[in-house]
Amino acid sequence: DNLAIILKESERLTRLINNVLDFSRLEQGRKDLHPERLDLCQAVATVLDTQALRLSQAGMLLTRTLPAGPVWVRTDRDALEQVLLNLVDNAIKYASEGKELEVRLAQATSSVAIEVMDRGPGVPGSERERVFAKFHRLDSSLTARRPGCGLGLTIARRLMRELGGDVVCRERPGGAGRRVRAS
């Protein structure tokens, strides 16, 4: 259906424009953050709810592992949502063939982490840090056939660092795929 294609492309372009604008603000030190008391479980669930259709259309089964009760943090809601959207978008683009996306909220005594795990082709160890460099895309047939400008993970990491955390990429336990952890 032509209308669905137009809508999907306009959403993709909107995400791309927002990423470029966010990147520009971060580079210039003009990204204003507004920390507030936030239930992280609810915030993660809300973002995943908004992305459920995209994940389904990409053929990915979404599994959520969230605590039953609230997990209160002080953070900027918009920045956190942008980080999650960029991580989900990255999984849809590069790991949909793995058919699975697991998002887990892991809470320790003094910290909390959001893990976004897929069963895609994975990222070679030598590239795991480089995927966060601006405009960097893996040199492979997988990235060559996917639209993007190489800013999503850069922005996700920069935003998390502005919030006092970080984003890291690791091999997913149990085989192929990757685990991206925002904490």
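In this predicted model, the side chains of Glu102 and Arg104 meet in a salt bridge, with a nitrogen-to-oxygen distance of 3.5 Å. That pair belongs to a structure in which a full search finds 8 salt bridges. The protein has 183 residues, of which 40% are buried, and its secondary structure consists of 5 helices and 7 strands.

**Overall architecture**

- Along the sequence, the helices and strands follow the order α-β-α-β-β-α-β-β-α-α-β-β.
- Among contacts between residues at least 6 apart in sequence, 68% join residues that are at least 24 apart.
- The exposed area of the protein is about 9900 Å², and carbon and sulfur atoms supply 51% of that area.

**The pair Glu102 and Arg104**

- The two partners differ in their exposure: Glu102 is buried, with a relative accessible area of 13%, whereas Arg104 is partly exposed at 29%.
- As a general principle, side chains of opposite charge can pair when their charged atoms come close.

**A network of salt bridges around Asp89**

- Arg54, Asp89 and Lys93 are linked in a network of salt bridges.
- Within this network, Arg54 forms a salt bridge with Asp89, and their closest N and O atoms are 2.6 Å apart.
- Arg54 lies in helix 2 (residues 40–57) and Asp89 in helix 3 (residues 77–95), so this pair ties together parts that are 35 residues apart in sequence.
- Both of these partners are buried: Arg54 has a relative accessible area of 16%, and Asp89 has one of 10%.
- Asp89 also meets the side chain of Lys93 in a salt bridge, at 3.5 Å from N to O.
- Lys93 and Asp89 both lie in helix 3, where they are 4 residues apart, about one turn of the helix.
- An α-helix has 3.6 residues a turn, so residues three or four places apart point the same way.

**Helix 1 and a nonpolar surface patch**

- Leu13, Ile17 and Leu21 form a nonpolar patch on the surface, and together they have about 260 Å² of accessible area.
- Leu21 is found in helix 1, which covers residues 2–27.
- The relative accessible area of Leu21 is 40%, so this residue counts as partly exposed, a class that lies between the buried limit of under 20% and the exposed limit of over 50%.

**Helix 5 and the residue that follows**

- Helix 5 spans residues 152–162, and its buried residues include Leu153, Thr154, Ile155, Ala156, Arg157, Leu159 and Met160.
- Just after helix 5, Gly164 takes a positive phi of about 95°.

**Cysteines**

- The structure holds 0 disulfides.
- Cys41 is buried, with a relative accessibility of 7%.
- Cys169 is likewise buried, and its relative accessible area is 3%.

**Points to locate in the structure**

- For the salt-bridge network, the residues to find are Arg54, Asp89 and Lys93, with helix 2 and helix 3 supplying the two ends of the Arg54 and Asp89 pair.
- For the surface, the residues to find are Leu13, Ile17 and Leu21.
- For the buried part of helix 5, the residues to find include Leu153, Ile155 and Met160.

Technical notes: Residues numbered from 1 in each chain as written. Predicted model: local features only at pLDDT ≥ 70, side-chain atom pairs only at ≥ 80, totals over all residues. Heavy atoms only, no water. Disulfide = S-S within 2.5 Å. Buried < 20%, exposed > 50% of the residue type's maximum accessible area, 1.4 Å probe, protein only. Contact = heavy atoms within 4.5 Å. Areas by Shrake-Rupley, 256 points an atom, 1.4 Å probe, with all protein chains shown as cover. Patch = residues over 30% accessible without salt bridge, like charges linked within 9 Å, V, L, I, M, F, W, Y side chains within 5 Å. Salt bridge = Lys/Arg side-chain N within 4 Å of Asp/Glu carboxyl O.
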